[in-house]
Amino acid sequence: MKKNSSTGRHARECLFPVGNPGASAPRQRPAIVPFFLPFAGCPHRCLFCAQDKQTGHTRPSDCLPYPQALANLLSELETHHMERTASRPIELAFYGGTFTALPERLQMECLALAMQAKEKGIVCRVRCSTRPDALRPDRLQALRHAGLDLVELGIQSFHTEALLDVQRGYNGDRAREGCRLIKESGLKLGIQLLPGMPGSTPQRFSEDVEEALAFSPSCLRFYPCLVVDGTPLAERWRMGQYAPWELDTTITTLGKALASAWARRISVIRLSLAPERELDESVLAGPRHPALGNIIQSEALFETVRSYFALHGFLPPDELFFPQYCQGFFSGHKGSLLPRWEKLGIRPSSIQWVEGEYASLRWNKPLEEVLS
């Protein structure tokens with residue numbers, strides 16, 4: 001509670017986070033440089049999986065053995081090291097396969113190269129993606145000592161029924177155990193979820209998000225499920241046995257999930273699959289939109305503010321302060337969100353754009369009037 005200096009009356013202020021931690025200083029966040037290993041180490045192919053099309057790679061560059069291809073990538077990064085250090089630090093990521101299920105010798109060869117790059121200051125951190133059923137405590141310790149910093153688990157869902165439906169190969173308890181093993185190993189945890197996959201509903205996804213947030217991960221990824229040509233899921237879709245989420249359902253559901261993550265100060269570093277020509281040409285159905293991430297952020301911002309308004313009877317505030325980086329998604333796609341803001345009594349002209357990562361709504365009225 002603050003005091004209005006001009007009138008002497010009590011004022012009420014709400015202060016809350018909007019956006020990912022560090023969003024106001026993007027140049028300070030590491031740029032993730034992926035090294036793709038499509039399908040490598042995977043025990044089988046899941047119903048929805050199209051790693052070759054998602055990454056644009058069937059093998060690493062030039063189809064070289066992994067260590068040689070990785071050495072070439074790191075050499076290229078070293079060449080441009082000086083100009084890159086003036087912008088953003090670099091994080092190396094082993095993506096597209098099941099890293100911890102690769103032959104142990106190959107894991108250590110790759111990490112030895114990554115550690116050399118770390119020692120030279122070329123990369124600042126190393127992460128990998130894997131499955132919760134491809135983890136052992138002793139191997140996680142070995143990987144941490146070899147230079148790995150963060151493990152992203154492709155959980156997809158904590159609901160056993162959904163995991164069985166997509167032939168993931170493990171159940172919800174195994175997914176939870178995988179998260180615990182990562183945390184106990186001293187490695188940082190990332191969690192990937194697949195909203196809209198077979199067996200998933202908006203309610204189940206919301207529960208998945210709450211479970212994921214309870215582990216206090218370093219980051220989350222939300223990948224809305226798409227029907228990609230050449231996958232087993234595409235055949236199921238053609239037979240009428242699967243229908244992906246509509247775009248509106250995806251936006252509303254992921255908007256609320258993102259708002260929940262913002263409230264916990266947990267980064268959501270991906271809200272859809274990255275643009276890739278081969279992938280876009282192969283998508284048969286599903287919530288695909290060139291501005292989907294931006295639209296979901298708009299929904300999350302609106303949902304965050306709306307929920308705070310609900311606590312105060314939807315009284316329009318006298319002053320509004322939003323972080324500058326929200327300007328890029330405040331209005332929604334092509335201004336589509338502006339009418340909804342109007343209903344809350346908020347217009348772009350009434351907002352003051354400020355530094356930082358917190359929004360502030362201020363009522364210069366007696367406290368009793370604000371709460372009435």
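Guide: Two residues are in contact when they have heavy atoms within 4.5 Å. The structure to be read with this term is a predicted model.

Visitor: Which residues does Asp165 touch, apart from residues up to four places away in sequence?

Guide: Asp165 touches Leu47, Pro198, Gly199 and Arg236 when residues up to four places away in sequence are not counted. Asp165 itself belongs to helix α6, which spans residues 160-165. For Gly199, a backbone distance is also available: its C-alpha atom is separated from that of Asp165 by 6.2 Å, although the two residues are 34 apart along the chain.

Visitor: Is Asp165 buried or exposed, or does it fall in between?

Guide: Asp165 is partly exposed, because its relative accessible area is 29% and buried means under 20%.

Visitor: How should contacts be read for the chain as a whole?

Guide: Consider the contacts between residues at least 6 apart in sequence: 78% of them join residues at least 24 apart. The chain has 14 helices and 14 strands. Of its 372 residues, 50% count as buried, and its accessible surface comes to about 16,800 Å², with 50% of that surface belonging to carbon and sulfur atoms.

Visitor: Where is Thr231 found, and with which residues is it in contact?

Guide: Thr231 lies in the loop between β9 (227-228) and α9 (232-238). Leaving aside neighbours within four places in sequence, its contacts are Arg45, Leu47, Phe48, Cys49 and Ala50. A polar atom of the Thr231 side chain lies 2.7 Å from the backbone oxygen of Val228. With a relative accessible area of 3%, Thr231 is buried.

Visitor: Which residues does Thr250 contact?

Guide: Thr250 is placed in helix α10, residues 247-263, and is buried at a relative accessible area of 1%. Outside its neighbours within four places in sequence, Thr250 is in contact with Pro224, Trp245, Gly255 and Pro287.

Visitor: How is a pair of aromatic rings to be read, and how many pairs does a search of the whole structure find?

Guide: In general, such a pair is described by the distance of the centres and the angle of the planes. In this structure the search finds 14 aromatic pairs. One of them joins Phe35 and Phe94, with 6.0 Å centre to centre and 80° between the planes, an edge-to-face arrangement. This pair links distant parts of the chain: Phe35 is in strand β3 (residues 31-36) and Phe94 in strand β4 (residues 90-95), 59 residues apart. Phe35 and Phe94 are both buried.

Visitor: Which residues do ring pairs link into a cluster?

Guide: The cluster consists of Phe302, Phe322, Phe330, Trp341 and Trp353. The ring of Phe302 has a further partner: the charged end of Arg340 sits over it, 4.3 Å from the ring centre.

Visitor: How many disulfides does a search of the whole structure find?

Guide: A disulfide is a covalent bond between the sulfur atoms of two cysteines. The search finds 0 disulfides here.

Visitor: Why does Cys42 form no such bond with Cys49?

Guide: Cys49 holds the closest cysteine sulfur to that of Cys42, yet the distance is 6.2 Å, which is too far for a bond, because a disulfide requires sulfur atoms within 2.5 Å. Cys42 is partly exposed, with a relative accessible area of 24%, whereas Cys225 counts as buried at 2% relative accessibility.

Conventions
Residues numbered from 1 in each chain as written. Predicted model: local features only at pLDDT ≥ 70, side-chain atom pairs only at ≥ 80, totals over all residues. Heavy atoms only, no water. Phe/Tyr/Trp six-rings, centres within 6.5 Å; stacked < 30°, edge-to-face > 60°. Helix = DSSP H or I, 4+ residues; strand = E, 2+ residues; numbered from the N terminus. Buried < 20%, exposed > 50% of the residue type's maximum accessible area, 1.4 Å probe, protein only. Lys NZ or Arg CZ within 6 Å of the ring centre and 35° of its normal. Polar contact = N/O pair within 3.5 Å; in protein donor to acceptor, adjacent residues only side chain to side chain. Areas by Shrake-Rupley, 256 points an atom, 1.4 Å probe, with all protein chains shown as cover.
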